[in-house]
Amino acid sequence: MTFLSVNGPQSDPTAQPVPASVVAQVDAADSTLSNPRRAVIALGANLGNRLETLQGAIDALEDTPGVRVKAVSPVYETEPWGVDPDSQPSYFNAVVVIRTTLPPSSLLERGQAIEDAYDRVREERWGPRTIDVDVLAYADVVSDDPRLTLPHPRAHERAFVLVPWHDVEPEAQLPGHGPVAGLLAGVGRDGVLPRPDLELRLPE
């Protein structure tokens with residue numbers, strides 16, 4: 001499943017529409033995975049070329065052995081979380097659904113490696129970043145492991161996560177919290193601005 005848009009007057013580059021044949025190839029690629037599990041990943045960026053970085057992260061996930069990107073949400077723009085809105089650039093946010101044979105710990109390591117590749121800096125909490133790669137959920141796993149808590153401990157209260165996730169999986173459930181649709185109804189969509197002029201694509 002992918003969402004297509006027209007090219008607008010923004011400085012960020014937009015991707016070309018994904019041909020149906022590419023979508024079919026992505027679906028067929030599941031046959032190369034043995035007993036894959038579904039996982040949901042949130043992406044966010046507010047430094048540099050935000051759209052290009054998000055697309056690069058999606059492509060890097062697809063290039064990971066044992067990972068297939070199955071769905072990419074539309075792009076949303078939001079103000080930074082936990083800080084003065086005027087202190088940082090706004091974020092581009094998206095959610096990606098994958099199928100993977102990697103265990104959660106390896107998926108976390110891959111996400112951190114992608115962040116490092118884009119020079120993610122972790123000097124301050126809620127600080128600006130070139131890319132944020134967060135594992136929101138992994139199958140039905142519920143874990144309080146401090147290294148990777150599953151599902152993500154704040155996913156249920158963040159509209160910038162719930163809105164794009166609901167776009168790609170309207171019937172999704174957040175383990176331990178219930179339907180994403182219900183959680184989204186509770187927090188609302190305020191501050192989550194659709195960017196239909198921008199597009200992220202499924203990797204070819």
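This report walks through the fold, the nonpolar cores, one helix pair and a few backbone oddities of a predicted model.

**The overall layout**

The protein chain has 204 residues, and 50% of them count as buried. Its secondary structure comes to five helices and eight strands. Reading from the N terminus, the order of elements is α-β-α-β-β-β-α-β-α-β-β-α-β. If you look at contacts between residues at least 6 apart in sequence, 75% join residues at least 24 apart.

**Two nonpolar cores**

The largest nonpolar core holds 32 residues, and the ones touching the most other members are Leu43, Val69, Ile98, Leu107 and Leu200. Several elements chip in with at least two residues each: strands S1 (37-45), S2 (67-72), S4 (91-100) and S5 (132-138), plus helices H2 (50-62) and H3 (104-117). H2 gives the most to this core, with six residues.

Take leucine 107 as a way in. Not counting residues up to four places away in sequence, leucine 107 touches Ala39, Ile41, Val67, Ile98, Leu102, Val135 and Tyr138. There is also a second, separate core of 22 residues, with Tyr76, Val95, Phe160 and Val180 among them. As a general backdrop, nonpolar side chains in soluble globular proteins tend to be buried together.

**H4 against H5**

Helix H4 (residues 159-168) is worth a slow look. Ten of the ten residues of H4 are buried, so this helix is largely enclosed by the rest of the structure. That run includes Trp165, His166 and Asp167 alongside residues such as Phe160 and Val161.

The axis of H4 comes within 9 Å of the axis of H5 (residues 180-187), and the two cross at roughly 135 degrees. That angle makes H4 oblique to H5. The crossing itself is left-handed. On the H4 side, the meeting residues are Ala159, Leu162, Val163, Trp165 and His166; on the H5 side they are Val180, Ala181, Leu183, Leu184 and Val187. By type, the contact splits into nine nonpolar residues, one polar and no charged.

Leucine 162, which lies in H4, is a handy residue to zoom in on. Leucine 162 is buried, with a relative accessible area of 0%. Setting aside neighbours within four places in sequence, its contacts are Ala155, His156, Val180, Leu183, Leu184 and Val187.

**Residues brought together across the sequence**

Here are two pairs to find on screen, with C-alpha to C-alpha distances.

| Pair | Apart in sequence | Apart in space |
|---|---|---|
| Leucine 162 and alanine 185 | 23 residues | 9.6 Å |
| Glutamine 88 and leucine 47 | 41 residues | 8.9 Å |

Glutamine 88 sits in the loop between strand S3 (76-78) and S4. Despite that loop position, glutamine 88 is buried, with a relative accessible area of 11%.

**Backbone oddities between S5 and H4**

Most residues other than glycine have a negative phi, and most peptide bonds are trans. Which residue has a positive phi although it is not a glycine? Alanine 139 does, at about 50 degrees. Alanine 139 is found in the loop between S5 and H4. With a relative accessible area of 13%, alanine 139 is buried.

Proline 151 has its place in the loop between S5 and H4 too. A cis peptide bond joins leucine 150 to proline 151, with omega at about -10 degrees.

Key
Residues numbered from 1 in each chain as written. Predicted model: local features only at pLDDT ≥ 70, side-chain atom pairs only at ≥ 80, totals over all residues. Heavy atoms only, no water. Axes fitted to C-alpha atoms, helices over the stretch in contact; angles between N-to-C directions. Helix = DSSP H or I, 4+ residues; strand = E, 2+ residues; numbered from the N terminus. Parallel < 35°, antiparallel > 145°, perpendicular 65-115°, else oblique. Left-handed = near helix turned anticlockwise from the far one by under 90°. Contact = heavy atoms within 4.5 Å. Nonpolar A, V, L, I, M, F, W, Y, C, P; charged D, E, K, R; others polar. Core = buried A, V, L, I, M, F, W, Y, C linked by side-chain atoms within 4.5 Å. Buried < 20%, exposed > 50% of the residue type's maximum accessible area, 1.4 Å probe, protein only.
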